[in-house]
Structure formats: C-alpha cells, structure tokens
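Take a moment with the sequence and the 3D structure below, and keep both at hand while reading. The paragraphs that follow lead through the fold one part at a time.

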Amino acid sequence: MSGLIEVVDVHKSYGSVKILKGLNFSVLEGETFAIIGPNGAGKTTLFKVMTGETTLNSGEIRFRGRGISSDPPHMRTRGGFGRTFQVARVFLELTVLENVVVAIEARQKASHERKGRWYDWRPAEDVRTEAMQLLAELGLERSARREAKFLSHGDKKRLEFAITLGGRPSVLMLDEPTAGMSPTDRKGTAELIRRIKAERGVTVIMTEHDMDVIFGLSDRLMVMNYGEMIALGLPAQVRADKTVREVYLGKEASHA
C-alpha cells in the first residue's frame, strides 16, 4: 500500500548490533499511526531514521513519492516533518515566548516568507502574534515571559509541541508525548493531539507506552519487537493478535 510516507526494507545497525531488520510499512495522509512495542524494540531508532537524525544502512524512506534517505534533518523539516522527543528539547534560558518566536523566524527564513534583517532584539509583530496564538492554543500564554527552565515537566512538553507547530509541519512525529506525565496531564495531552490533528489536518506518527492513549488516538498500529514488525492493522486487530498479546500487551490488556 502506497502512502504519504513509505518505509521500504529499512535496516539499521550500530556496529554488529542489528536494530532495524527489514521494516516495510506505509503511513497514510491524515491518519494517526502508532508504533508500539517493548523497550529496545527499535522504535526511537526508527524515528531517528525517518527524520534523518541517523542514517540507515540499507533500504529507503519516501515522502510523497520522493526518496529522502539522503536528505539531512533540516531538509526534512523544511519538507514538512516536525518532531518531539521523549525528553523535551527546549531553550531553557529563553522565555517561553522566545522559544516559539525562534521556531517561527526559522521557518520564515527557510521558506523566504520574510526578507530583510533577522534576529533583531524584538520580533516582528506578526511573528509575536503567531507565537502568542500558539501559546494560547497550548495553554501557555500566561507563562509567555517565564524562562523555560522554570516550567513543569508537562509544560516543557507542551512548549516543545508549540515550538514544533511553529514550523507548520504536515507530519507530526511524537516520541512518547505523555512520558513522565500525571494521569491528568496524559489525558490533556491526548486531547491536545486529537484537537491539533482535527484543526490542522496533520498526519501524526507516534510512539507511546500508555495503551489508553494509543488505543484512544490511533487509526492504525504497528507493533515492533527486536527491530522487526510483528503486527500491523486497526487497533482492534492488533489488540486481538495472539503474538502481540504474548510479546507486549498481555492477556488482560488484550481484553480491556
């Protein structure tokens, strides 16, 4: 099945250790595609290969029918990829507003949306307005003037989300978006992802260990184990898969 993103016979090793072993799958435009599996299954390495953070050994990544395996990360970002990380990556010494302004100005510079002087001491009014709108969308507008290092864990994750959205991605790759969050924050983040997808029409690819989040958000799931795909399908199909139950979900989760 062809799709927006195609992963074709992808292999990745670190030295003699094989991490990804001939993965083949497609992600359809507009869907939420979840990748799950035990720790060490290769999920984060797959994310790194897809976003260009690390190179694959063989195989190909295609985006809108074009091979992008040799494209560096910044070119994939310009092409529409946006990514968050298990541990939020934000500029701790900058204010919350400045973090998002940097992302918007970087997008504008890369896409030639604006000409002239860059990185002035004060952002252009339209940049500031867009940044504040993103912060309001994520419930961070009251923290706009705070330095990011003073934010809670959950708010740092939301700020990273705002930074990513500042690049206006068409593909959102979310690596453990609710990791380390309280149950209330996890629920709020799941609702945020659902709303962002609906309002912006983005394609979401995510890894996550919280099965309530996974089965509540995903259109399709792929299950990995030791670098291989062991199941791919609709949530109900994956939940009922005998191999998946034995390797990852367990009998109780499969009947939940």
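**A walk through the fold**

Leaving aside its neighbours within four places in sequence, L135 is in contact with V96, L97, V100, L140, E141, A144, L159 and A162. The model is a predicted one, and L135 is a useful place to enter it, since this residue also belongs to the largest nonpolar core, which has 43 residues. Within that core, V100, L135, L159, F161, L172 and M206 touch the most other members, and helix α3 gives the most to the core, with 6 residues. A second core, separate from this one, holds 26 residues, among them L20, F25, F33 and F81. In soluble globular proteins, nonpolar side chains tend to be buried together.

Helix α3, which covers residues 96-111, also contains R107. Is R107 buried or exposed? With a relative accessibility of 10%, R107 counts as buried, because buried means under 20% relative accessible area. The side chain of R107 is joined to that of E130 by a polar contact of 2.7 Å.

Helix α6 is made up of residues 183-200, and because each of its 18 residues should add 1.5 Å, the expected span is 26 Å, which agrees with the 26 Å between its end C-alpha atoms. Which residues of α6 are buried? They are T189, A190, L192, I193, I196 and K197, and when one looks down the axis of α6, the buried residues fall within an arc of 160 degrees, so they line one face of the helix. On the other side of α6, the residues P183, T184, K187, A198 and E199 are exposed. The elements that cover the buried residues of α6 include the strands β3, β7 and β8 together with the helices α4, α5 and α7. Just after α6 comes G201, which takes a positive phi of about 65 degrees.

The strands near the start of the sequence can be followed in a similar way. Strand β1, residues 5-14, runs antiparallel to strand β2, residues 17-27, and 8 bridges join the two; within this pairing, S13 stands opposite K18. Together β1 and β2 form a hairpin with 2 residues between the strands, and G15 in the turn has a positive phi of about 65 degrees. Strand β1 also pairs with strand β4, residues 58-63, in the antiparallel sense over 5 bridges, and there H11 of β1 stands opposite S58 of β4.

Conventions. Residues are numbered from 1 along each chain as its sequence is written. This is a predicted model: local features need pLDDT of at least 70, side-chain atom pairs count only at pLDDT 80 or more; totals for chains, interfaces and linings use all residues. Side-chain values use heavy atoms; hydrogens and water are left out. Two strands pair if DSSP finds at least two bridges between them. Helices (H or I, at least four residues) and strands (E, at least two) are DSSP runs, numbered from the N terminus. Buried means under 20% relative accessible area, exposed over 50%, partly exposed in between (1.4 Å probe, protein chains only). A polar contact is a pair of N or O atoms within 3.5 Å; within protein, one must be able to donate a hydrogen and the other to accept it, and residues adjacent in sequence count only if both atoms are side-chain atoms. A nonpolar core is a set of buried Ala, Val, Leu, Ile, Met, Phe, Trp, Tyr and Cys residues joined through side-chain atoms within 4.5 Å. Contact means heavy atoms within 4.5 Å. The expected span of a helix is 1.5 Å times one less than its number of residues. The arc is that of the directions from the helix axis to the C-beta atoms.
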